[in-house]
Amino acid sequence: MPANLPPQYFEVEEKYRQARTIEEKLYYLKEMLAVVPKHKGTEKLQKEIKTKISKLRKELGKKPKISRTVWYHFEKQGAGQIAVFGSPNSGKSSLVKLLTNANTEIAEYPFSTKTPIAGMMRYENIQIQLIDCPPLKPNLPPWYFHLLRSADVLLYLFDLSQDSLLEECEENFKILEEGKVNIFKKDEANYKKIIFCGNKLDCENSDFRYNLFLEFIRNYLPNEELKIIAISVKEKKNIEDLKRLLFESLEIIRVYTKPPGKPPELEEPIILKKNSNVLEAAKALHKDFYRNLKYARLWDNKNFFGQRVEKNHILKDGDIIEFHI
Ligand SMILES: Nc1nc2c(ncn2[C@@H]2O[C@H](COP(=O)(O)OP(=O)(O)OP(=O)(O)O)[C@@H](O)[C@H]2O)c(=O)[nH]1
Ligand SMILES: [Mg+2]
């Protein structure tokens with residue numbers, strides 16, 4: 001083994017040792033090659049890695065192709081769908097397990113989640129659907145990107161216990177771009193809103209790594225568009241803040257209906273897009289209300305205490321409306 005190999009090399013080598021499939025092994029071998037310093041002293045090592053890569057490529061070529069096409073898709077349930085994805089072993093399954101009823105598998109080794117699983121997270125009086133995705137890696141199947149593109153919001157989980165988090169993230173951005181998931185250009189095709197979430201805040205130096213990540217990500221996104229948080233699933237740190245951030249990222253409001261002379265139905269909100277008006281709320285409730293609506297009365301415990309509002313009145317989260325037809 002040549003002297004002076006960077007610590008990064010040994011980290012990747014360890015991941016390579018733990019890799020179980022040919023695809024994973026290939027991925028880490030390529031990473032090992034990328035981090036080996038290129039000089040005379042490492043020529044032998046570089047050659048060895050290249051030989052392993054070409055052997056595995058041949059093996060991969062021989063593997064029988066599976067003719068059955070597997071496709072994963074989740075019908076939206078609840079107030080919105082959020083795909084939890086990101087680096088291997090960052091704690092995606094642990095987070096989804098903590099927040100939902102999903103029976104996800106948690107493991108100490110990377111690439112443990114092979115297929116996506118959905119679960120429902122309760123937020124106050126609504127349910128939000130979370131999907132625990134397999135980790136990002138090269139050569140993901142088309143369904144993977146379709147899953148990300150069809151979610152309402154993406155939650156990117158990265159591992160604050162790893163020194164390689166920036167390199168990994170750069171690599172992951174390339175994978176997303178190749179999969180046509182656009183997380184940076186709001187006005188362009190396939191744009192998806194993304195929340196960045198650093199997990200394992202309980203680990204040593206995680207604060208320092210989080211600040212490095214902040215600096216790094218600010219090169220990609222302006223401050224006002226950057227949604228970022230650090231959590232620890234293990235110690236349940238900042239979990240409530242994350243839940244609020246997820247809810248806010250969906251840009252929805254909850255409004256409650258009230259039959260005349262009766263109390264409001266506070267357990268069953270109508271979920272609407274932010275900036276929806278009274279007429280849109282009526283439409284969501286029933287087509288008869290929508291067709292025949294004359295006006296509504298509104299309560300918000302602040303400025304409205306049953307005053308009459310018109311069809312184009314913009315609603316806020318928590319408003320109570322009484323339809324008059
Ligand atoms: N210290 C610490 N460890 C955590 C935390 N969250 C998860 N882990 C551990 O990290 C490891 C990976 O957790 P998983 O939830 O399986 O991670 P994953 O991102 O789903 O992994 P893949 O599906 O393989 O990509 C497990 O050993 C967890 O116990 C955390 O907040 N702090
Ligand atoms: Mg997992």
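Two strands are taken to pair if DSSP finds at least two bridges between them, and helices (H or I, at least four residues) and strands (E, at least two) are DSSP runs, numbered from the N terminus. The model is predicted, so to speak of local features requires pLDDT of at least 70, side-chain atom pairs count only at pLDDT 80 or more, and totals for chains, interfaces and linings use all residues. Residues are numbered from 1 along each chain as its sequence is written, while chains are lettered from A and ligands numbered from 1 in the order in which they are written.

With these terms in hand, the sheet of five strands is a good place to start. This open sheet has the strand order 8-7-11-9-10, and its pairing is mixed. Strand 8 (270-273) and strand 10 (305-309) stand at the edges with a single partner strand each, so one side of each has no neighbour in the sheet. From one strand to the next, the twist averages 35 degrees; here and below, axes are lines fitted to C-alpha atoms, for helices over the stretch in contact, and angles run from 0 to 180 degrees between N-to-C directions. Strand 9 (residues 295-299) and strand 10 run antiparallel and are joined by four bridges. Within this pair, Trp 299 stands opposite Phe 305 in strand 10. Helix 9 (residues 278-285) packs on the sheet and touches strand 7 (252-257), strand 8, strand 9, strand 10 and strand 11 (320-324). Contact here requires C-beta atoms, placed from the backbone, to lie within 7 Å. The direction of helix 9 makes about 135 degrees with that of strand 8.

A second open sheet, of six strands, also has mixed pairing, in the order 2-3-1-4-5-6. Its edges are strand 2 (117-123) and strand 6 (228-230), each with a single partner strand, so one side of each is left without a neighbour in the sheet. The twist in this sheet averages 25 degrees from one strand to the next. Seven bridges link strand 2 to strand 3 (residues 126-132) in the antiparallel sense, and Tyr 123 stands opposite Ile 126 in strand 3.

Turning to the helices, helix 1 (residues 7-18) and helix 2 (residues 22-35) have axes that come within 9 Å and cross at roughly 165 degrees. That makes helix 1 roughly antiparallel to helix 2, a term for angles over 145 degrees (under 35 is roughly parallel, 65 to 115 roughly perpendicular and the rest oblique). The crossing is left-handed, meaning that the near helix is turned anticlockwise from the far one by less than a right angle, clockwise being right-handed. Residues in this contact include Tyr 9, Val 12 and Tyr 16 of helix 1 and Tyr 28, Leu 29 and Met 32 of helix 2.

Helix 2 also packs against helix 3 (residues 43-62), at an angle of about 155 degrees and with the axes 10 Å apart. Helix 2 is thus roughly antiparallel to helix 3, and their crossing is left-handed. Among the contributors are Leu 26, Leu 29 and Leu 33 of helix 2 and Ile 49, Ile 53 and Leu 56 of helix 3.

Finally, ligand 1 is surrounded by 22 residues, the closest being Gly 91, Ser 93, Ser 94, Thr 113 and Pro 135; a residue is near if its C-beta atom, placed from the backbone, lies within 6 Å. Helix 4 (residues 92-99) gives the largest share of this shell, three residues.

Key. Contact = placed C-beta atoms within 7 Å.
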